[in-house]
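Got the model open in your viewer? Here's a short walk through it, one selection at a time.

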Amino acid sequence: MLKNQSNSYDRPWNINKRYRFNCSNMNEIQILKYNGGEGGWSKNVDIGTFEGQKVVIQRLRPKPGSGDQDFRLNMFLKNLLMSDQLDHPSLVKVLGYCFRHTKGEAGYEQSSYFGDVSVVYEYGMGLTLNALNLTIAERLNHAADLASLLSYLHYSPLGSLADFDIKPEHFKMVNGKIKLIDLDHMNNVEPTCSLTLSTSHKNFKPCPFNISCQELTEIEMRKEEADELLIKCAELLEYNTGQLAKVKVFGKWHDIPRKQVAYGDAGLSYKFSSTIVPARPWIPFLKEIRDKISEVTKHEFNFVLINRYKDGHDHMGEHRDDEEDLVPGHPIASLSLGQPRDFVFRHADSRGKHAKRKIDSISVELQHGSLLMMNNPTNKFWYHSLPQRKRLMNVRINMTFRKMTQLAKRDISC
């Protein structure tokens, strides 16, 4: 049995209650066989028992002076983190883990069997020919389980995953069920991407969920300036009325639940939900904002759609800005003034009763005087909305600056 050399286990521990084992009780595991499992070059694998239940303890294998220690640690932690995030009956379950300082928080010296990084998994037998001496029905059940696992990995919460170093020893037989245990060579099928807008490395592309919110204070707009813009909006902007203030939903016309108007280059218009919104000529006030945003973002814009939300009752439904009028791949710059509101993103694969994947929505509170850059391909993969927040009482004005194509020049004289 692993013994602690001091009473430091009596101290308070930050324990993850999701797991059965942690730093406070892992030393109570009775070791039945040291190096009794297949650990490869990076880890020791011991077989133990706790309250009559067999478990497997993996420890990062100490290798003093090794230049690949950091790499081995990264692979070890990657396996743990992926096991923690993925949940499927054909994946070996994590039962707990413990991280300690190299010399040990409890005062012990690191030994070949007690490293500073340890993970406990459910116990499983290695796959052998005898273990696979099965009936046709049993083989079909295993095949169905593995097919289910492959489908889950393809649509996993971490993206589309594939194992590029799959081996028989990566699987264990756990209570008659074949399960995958090694995930450290599991990688995303999607190309490597960057979450940082400023990244320009040739090997990186913007991630599909690449969005950023940049406060205008970072581009030398003080709160007082944002306040002044909000006042000028009230003084200078005129909003559409009549048919231009309606939208067609499921074949019926409804009043748009907010006020709306567009400004832009001569002849441009914007079409959505059977509604064509013509651009009024630029006014100096809006041209000044447009030019400032172009200077900061290094992108040109020829159209702005403005929405005014009188309070938290006014809202915008879930949609994508993917109309053919927009220049493909060009970002949309969204300037918010007034009442902070929640701006919610939902992945296209996670919508509806028959969603392909379970992906949490992302909510961003857009502050007074903030600029949100929706970069390509955000609108290909993510829907966005501004839901009702009935307790909010103040006005919000949003300006979305866009680059429109010549298709947006329509004859709307009729």
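Before you click anything, one definition: contact here means heavy atoms within 4.5 Å. Keep in mind that this is a predicted model, where local features need pLDDT of at least 70, side-chain atom pairs count only at pLDDT 80 or more, and totals for chains, interfaces and linings use all residues. Residues are numbered from 1 along each chain as its sequence is written, and side-chain values use heavy atoms, with hydrogens and water left out.

**Stop 1: helix α3**

Select residues 223–236, which make up helix α3. Helices (H or I, at least four residues) and strands (E, at least two) are DSSP runs, numbered from the N terminus. The expected span of a helix is 1.5 Å times one less than its number of residues; for the 14 residues of α3 that gives 20 Å, and the end C-alpha atoms are 20 Å apart, so the two agree.

Now show side chains. Which residues of α3 are buried? They are A226, L229 and C233, where buried means under 20% relative accessible area, exposed over 50%, and partly exposed in between (1.4 Å probe, protein chains only). These buried residues sit on the same side of α3, because they cover an arc of only 55 degrees around the axis; the arc is that of the directions from the helix axis to the C-beta atoms. An α-helix has 3.6 residues a turn, so residues three or four places apart point the same way.

What do the buried residues of α3 pack against? Add α4 (284–297), β22 (332–338) and β27 to your selection and you'll see. Then flip the view: the face turned away from the buried side of α3 carries exposed E224, I231, A234 and E235.

**Stop 2: the annotated site**

Next, pick N307, Y309, H319, H384, R396, T400 and R402, which an unreviewed UniProt entry marks as "binding site". UniProt positions are given in the numbering used here, feature names are shortened, and annotations may be inferred rather than shown by experiment. The lining of the second largest pocket includes N307, Y309, H319, H384, R396, T400 and R402. On a 1 Å grid over the protein atoms alone, a pocket is an open set of points with protein on both sides within 12 Å along at least five of seven lines, and lining residues have an atom within 4 Å of a point.

Zoom in on R396, in strand β27 (residues 396–402). R396 counts as buried, at 2% relative accessibility. Setting aside residues up to four places away in sequence, its contacts include N307, Y309 and R341.

Then hop to H384 in strand β26 (residues 382–386). H384 is buried too, at 2% relative accessibility. Beyond four places in sequence, its contacts include H319, F343 and F345.

**Stop 3: aromatic pairs**

Stay with F343 and F345: their ring centres are 5.2 Å apart and their planes at 90 degrees, so the pair is edge-to-face. Rings of Phe, Tyr and Trp (its six-membered ring) pair if their centres lie within 6.5 Å; planes under 30 degrees apart count as stacked, over 60 as edge-to-face and the rest as tilted. F343 is buried at 8% relative accessibility, and F345 is buried at 1%.

How many aromatic pairs does a search of the whole structure find? It finds 5. For another edge-to-face pair, select F21 and F50, with ring centres 4.9 Å apart and planes at 75 degrees. F21 lies in the segment before β1 (30–33) and F50 in strand β2 (residues 43–50), so the pair ties together parts 29 residues apart in sequence.

Notes:
On a 1 Å grid over the protein atoms alone, a cavity is a set of points where a 1.4 Å probe fits but cannot get out, and a pocket is an open set with protein on both sides within 12 Å along at least five of seven lines; lining residues have an atom within 4 Å of a point.
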